[in-house]
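Hi,

Here is the structure I said I would pass on to you. Have a look at it first, and then read on for what turned up.

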Amino acid sequence: MNKIEVKVCLGTTCFVMGAANLQELIETVPQKYGDKVDVSGHPCLGLCSINWEYSKAPYVKVDDEIISEATVEKVLNVIERKLKDEHQ
């Protein structure tokens with residue numbers, strides 16, 4: 001089983017648009033999922049500069065899936081879905 005990789009964008013736009021709230025993922029996800037999920041913060045994922053949709057920040061990448069307007073709940077739902085898909 002491969003680890004699920006979660007990257008939280010902490011760039012200026014994402015931070016201003018709410019990524020500060022996503023930092024709790026860095027503490028809570030390892031406690032909840034152990035070594036099945038790896039969470040890290042990144043200075044900038046560069047996603048807002050690709051399409052200039054600043055209103056879609058903050059961004060989080062879960063493996064190759066990009067979550068726009070990310071919230072803790074959205075990220076946890078994607079992690080749960082991916083963990084469930086691996087067991088089917």
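What covers the buried residues of helix 2? Among the elements that do so are strand 1, helix 1, strand 2 and helix 4. Before I go further, please keep in mind that this is a predicted model.

The buried residues in question are Leu25, Val29 and Tyr33. Because they span an arc of only 20° around the axis, they sit on the same side of helix 2. Turn to the other side of helix 2 and you will find Glu27 and Gln31, which are exposed. As a rule, an α-helix has 3.6 residues a turn, so residues three or four places apart point the same way. Just after helix 2 comes Gly34, with a positive phi of about 60°.

Now for helix 1. Its buried residues include Cys14, Gly18, Ala19 and Leu22. These cover an arc of only 120° around the axis, so they too lie on the same side of their helix. Thr12, Val16 and Asn21, on the other side of helix 1, are exposed. The cover over the buried residues of helix 1 includes strand 1, helix 2, strand 3 and helix 4.

Next, the inside. The largest nonpolar core has 26 residues, and the members that touch the most others are Val6, Leu25, Val60, Val62, Val75 and Ile79. At least two residues of this core come from each of strand 1 (4–9), helix 1 (12–22), helix 2 (24–33), strand 2 (37–42), helix 3 (47–51), strand 3 (60–62) and helix 4 (72–86). Helix 4 gives the most, with six residues. In general, nonpolar side chains in soluble globular proteins tend to be buried together.

If you want one residue to click on, try Val75. Apart from neighbours within four places in sequence, Val75 is in contact with Val6, Leu25, Val60, Val62, Ile67 and Ala70. Leu25 is the one you met above among the buried residues of helix 2.

One last stop is Cys48, which belongs to helix 3. Is Cys48 buried or exposed? Its relative accessibility is 10%, so Cys48 counts as buried, the cut-off for that being under 20%. You can also look from Cys48 across to Ser68: the two are 20 residues apart along the chain, and their C-alpha atoms are separated by 9.7 Å.

Happy browsing!

Methods:
Residues are numbered from 1 along each chain as its sequence is written. This is a predicted model: local features need pLDDT of at least 70, side-chain atom pairs count only at pLDDT 80 or more; totals for chains, interfaces and linings use all residues. Side-chain values use heavy atoms; hydrogens and water are left out. A nonpolar core is a set of buried Ala, Val, Leu, Ile, Met, Phe, Trp, Tyr and Cys residues joined through side-chain atoms within 4.5 Å. Buried means under 20% relative accessible area, exposed over 50%, partly exposed in between (1.4 Å probe, protein chains only). Helices (H or I, at least four residues) and strands (E, at least two) are DSSP runs, numbered from the N terminus. Contact means heavy atoms within 4.5 Å. The arc is that of the directions from the helix axis to the C-beta atoms.
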